[in-house]
Amino acid sequence: TSLAATGPTTLHGNVTTSGTQTYNSAVTLGATDTLATTNSAVDFVSTVDATAAGTQGLTVSAGTGTVTFGGAVGGSKALAGVSVTGPTVLGGNVSTDGAQTYNSAVTLDATMVTLNSHFDGTVTGSIGFFSTVDATSAGSQGLTVNAGNFPVTFLGVVGGTTPLASLAVTGPTGLEANVTTTGTQTYNSAV
């Protein structure tokens, strides 16, 4: 089974399908939700926001299915946290008042993607990349990561397949592999 929703969508509970999930319009989280598929894609064509800033979080578990965020996540009302499993395409900024975890390969699909885990400046969480991070086209997409005083961890190669335009990181940073950019790399905290 699959799910396709068109029209502003509010999710008040978990969604599980064996096939794809496609949200063609803005999504609002009415609860801390888990969206799961059986190795099938989850596509957010537009934005994703919490109902109340820092209160509702999102977990996406797509196995080998691609998870695409076509717009900003938490841009209007920051999520409590984000955890994604499945090759992830980030087409906009991600703002949370808690942890962000990317368990699979990440591809940047906007000129500059900013990940901020302390959006309101009071609650903060770590940001972890447990696989690779690449641009869509070499030197065209950059990444800014802001975790405040919380750790930022890169366990996989960054820009190894397709170099990033730039990388800027705030938060104690763990680098477990090489980082390749065509432009600047800035580490504002201990590495």
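Reader: Which residues is Ser166 in contact with, once its neighbours within four places in sequence are left aside?

Author: In this predicted model, Ser166 is in contact with Met112, Gln141, Gly142, Leu143, Thr181 and Thr184, its neighbours within four places in sequence being left aside. The word contact is used here for heavy atoms within 4.5 Å.

Reader: Why is Ser166 called buried?

Author: Buried means under 20% relative accessible area, and Ser166 has a relative accessible area of 15%, so Ser166 is buried. Its place in the chain is the loop between β20 (152-154) and β21 (167-170).

Reader: What makes Asn39 count as partly exposed?

Author: The term partly exposed covers what lies between under 20% and over 50%, and Asn39 counts as partly exposed because its relative accessibility is 47%. Asn39 is also placed in a loop, the one between β6 and β7 (42-44), and its phi is near 55°, a positive value in a residue other than glycine.

Reader: How do you know that β21 pairs with β23, and in which sense do they run?

Author: Two strands pair if there are at least two bridges between them; β21 and β23 are joined by three bridges and run parallel. Within this pair, Val169 stands opposite Tyr187 in β23. Both strands belong to an open sheet of five strands, whose order is β13-β16-β19-β21-β23 and whose pairing is parallel.

Reader: Why are β13 and β23 called edge strands?

Author: The strands β13 (94-95) and β23 (185-187) each pair on one side only, and they are the edge strands of that sheet.

Reader: What makes β2, β5 and β8 a sheet, and which of these strands are at the edge?

Author: These three strands form an open sheet in the order β2-β5-β8, with parallel pairing, and the edge strands are β2 (9-11) and β8 (48-50), each of which pairs on one side only. From one strand to the next the twist averages 25°. For β5 (residues 27-29) and β8, the test of at least two bridges is met by three bridges in the parallel sense, and Thr28 stands opposite Asp49 in β8.

Reader: How do you know that β6 pairs with β3 and with β9?

Author: The same test of at least two bridges applies: strand β3 (residues 15-16) and strand β6 (residues 33-36) pair in the parallel sense over two bridges, while four bridges join β6 to strand β9 (residues 58-61), again running parallel. Ala36 has a partner in each of these pairings, being the bridge partner of Thr16 and also of Ser61 in β9.

Reader: Which residues have the most contacts inside the largest nonpolar core?

Author: That core has 41 residues, and those with the most contacts inside it are Phe44, Phe69, Phe129, Leu143 and Phe154. Leaving aside neighbours within four places in sequence, Phe154 is in contact with residues including Phe129, Val133, Leu143, Val145, Leu167 and Val169.

Reader: What makes the protein chain as compact as a globular protein of its length?

Author: The protein chain, which has zero helices and 23 strands, has a radius of gyration of 16 Å, close to the 16 Å that the globule rule gives for 191 residues, so the chain is as compact as a globular protein of that length. Along its principal axes the C-alpha trace spans about 40 × 35 × 25 Å, and 47% of the 191 residues count as buried. Among contacts between residues at least 6 apart in sequence, 38% join residues at least 24 apart.

Key. Residues numbered from 1 in each chain as written. Predicted model: local features only at pLDDT ≥ 70, side-chain atom pairs only at ≥ 80, totals over all residues. Heavy atoms only, no water. Rg over C-alpha atoms; globule rule 2.2 N^0.38 Å. Buried < 20%, exposed > 50% of the residue type's maximum accessible area, 1.4 Å probe, protein only. Axes fitted to C-alpha atoms, helices over the stretch in contact; angles between N-to-C directions. Core = buried A, V, L, I, M, F, W, Y, C linked by side-chain atoms within 4.5 Å.
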